[in-house]
Amino acid sequence: IAFVFFFSADIISTVEFNHTGELLATGDKGGRVVIFQREQESKNQVHRRGEYNVYSTFQSHEPEFDYLKSLEIEEKINKIRWLPQQNAAYFLLSTNDKTVKLWKVSERDKRPEGYNLKDEEGRLRDPATITTLRVPVLRPMDLMVEATPRRVFSNAHTYHINSISVNSDYETYMSADDLRINLWNFEITNQSFSILFLVVTTSWPESVFRYEQACGIWNRSE
């Protein structure tokens, strides 16, 4: 008899391939993002073509509490979206119910050595004791994959975010909840544009549905 134990935080809540299919990102209910990379050896072997290994793991979101609404905000990852690769680093968006984050995932296989103001252990040196100048050099090291948050977009949704999408200009993206779609610029974290806002009012015998678009193109009432 075999017993299998798992925690609810380990349950996968979303998956997303990057544009080339080389990387697969998964988000779970515990707020973690795990990125898998396709095996290089498996590309030319039909029976191993779908093998992926863990490339990077990081904590994307933490549980929070909204004191104004007395509401617990889960850390569960609802959606992940990759940005097209522009350089050696990878960028992706991840979101829970209220906050979208932009992450940079990069590799590092060299470390600088020979600082003038630091000793070999990283401690600051007394400038008065420095008599010669050294040119820092890069030394090989074991491959390290780092995930660093670059932007945090929050406080723009009343309801739970259920979808995010990167626009074709790669400078903006959209986030959506049940009643609202917001347009964001990657460089601006404290401001978004509501391009669609749905207000539902039910009163007998009349129901009012109103759609508002920021540019004023779409506005309908019934």
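Q: Which residues of β13 point to one face and are buried in this predicted model?
A: In a regular strand the side chains alternate between the two faces of the sheet. Along β13, Ile181, Leu183 and Asn185 point to one face and are not buried. The residues that point to the other face and are buried are Arg180, Asn182 and Trp184.

Q: What is the relative accessible area of Trp184?
A: Buried means under 20% relative accessible area. Trp184 is buried by that cut-off, because its relative accessible area is 2%.

Q: Which residue in β13 stands opposite Met174?
A: β12 and β13 run antiparallel and are joined by five bridges. The two strands form a hairpin, with three residues between them. Opposite Met174 in β13 stands Leu183.

Q: Are the rings of Tyr173 and Trp184 stacked or edge-to-face?
A: The ring centres of Tyr173 and Trp184 are 6.2 Å apart, and the planes are at 10°. Planes under 30 degrees apart count as stacked, over 60 as edge-to-face. The pair of Tyr173 and Trp184 is therefore stacked.

Q: How many residues apart are Tyr173 and Trp184?
A: Tyr173 lies in strand β12, and Trp184 lies in strand β13 (residues 180-185). The pair links distant parts of the chain, and the separation is eleven residues.

Q: Are the rings of Phe153 and Tyr173 stacked or edge-to-face?
A: The chain has nine aromatic pairs. In the pair of Phe153 and Tyr173, the ring centres are 5.3 Å apart and the planes are at 75°. That angle is over 60 degrees, so the pair is edge-to-face.

Q: Which parts of the chain does the pair of Phe153 and Tyr173 tie together?
A: Phe153 and Tyr173 are both buried, and Tyr173 has a relative accessible area of 0%. The parts tied together are 20 residues apart in sequence. They are strand β10 (residues 137-153), which holds Phe153, and strand β12 (residues 172-176), which holds Tyr173.

Q: Which residues form one aromatic cluster?
A: Tyr173 pairs with Phe153, and Tyr173 also pairs with Trp184. These three residues belong to one cluster that also includes Phe186. The cluster is formed by Phe153, Tyr173, Trp184 and Phe186.

Q: Which strands stand at the edges of the sheet of β1, β2, β3 and β4?
A: The four strands form an open, antiparallel sheet in the order β1-β2-β3-β4. Two of these strands have a single partner strand each, so one side of each is left without a neighbour in the sheet. The edge strands are β1 (12-17) and β4 (52-59).

Q: By how many degrees are neighbouring strands of this sheet turned against each other on average?
A: The pairing of the strands in this sheet is antiparallel. With direction ignored, the average turn between neighbouring strands is 20°.

Q: Which residue in β2 stands opposite Ile12?
A: β1 pairs with strand β2 (residues 23-28) in the antiparallel sense, over five bridges. Opposite Ile12 in β2 stands Asp28.

Q: Which residue in the turn between β2 and β3 has a positive phi?
A: Strand β3 (residues 32-38) runs antiparallel to β2, to which five bridges join it. Ala25 stands opposite Ile35 in β3. β2 and β3 form a hairpin with three residues between them, and the turn residue with a positive phi, of about 85°, is Gly31.

Q: What is the bridge partner of Phe36 in β4?
A: β3 and β4 run antiparallel and are joined by seven bridges. The partner of Phe36 in β4 is Val54.

Q: Is Thr14 buried or exposed?
A: Thr14 lies in strand β1. Beyond four places in sequence, Thr14 has contacts that include Ala25, Thr26 and Gly27, along with Ile77, Asn78, Lys79 and Ile80. With a relative accessible area of 8%, Thr14 is buried.

Q: Which strand has the lowest mean pLDDT?
A: The chain averages a pLDDT of 81, and 81% of its residues score at least 70. Over residues 202-222 pLDDT stays under 50. Where pLDDT is low, the predicted coordinates should not be read in detail. Strand β8 (residues 90-95) has the highest mean pLDDT, 97, and the lowest, 36, belongs to strand β15 (residues 206-212).

How values were computed:
Residues are numbered from 1 along each chain as its sequence is written. This is a predicted model: local features need pLDDT of at least 70, side-chain atom pairs count only at pLDDT 80 or more; totals for chains, interfaces and linings use all residues. Side-chain values use heavy atoms; hydrogens and water are left out. Two strands pair if DSSP finds at least two bridges between them. Axes are lines fitted to C-alpha atoms, for helices over the stretch in contact, and angles run from 0 to 180 degrees between N-to-C directions. Rings of Phe, Tyr and Trp (its six-membered ring) pair if their centres lie within 6.5 Å; planes under 30 degrees apart count as stacked, over 60 as edge-to-face and the rest as tilted. Buried means under 20% relative accessible area, exposed over 50%, partly exposed in between (1.4 Å probe, protein chains only). Contact means heavy atoms within 4.5 Å. pLDDT is the predictor's confidence in each residue, from 0 to 100.
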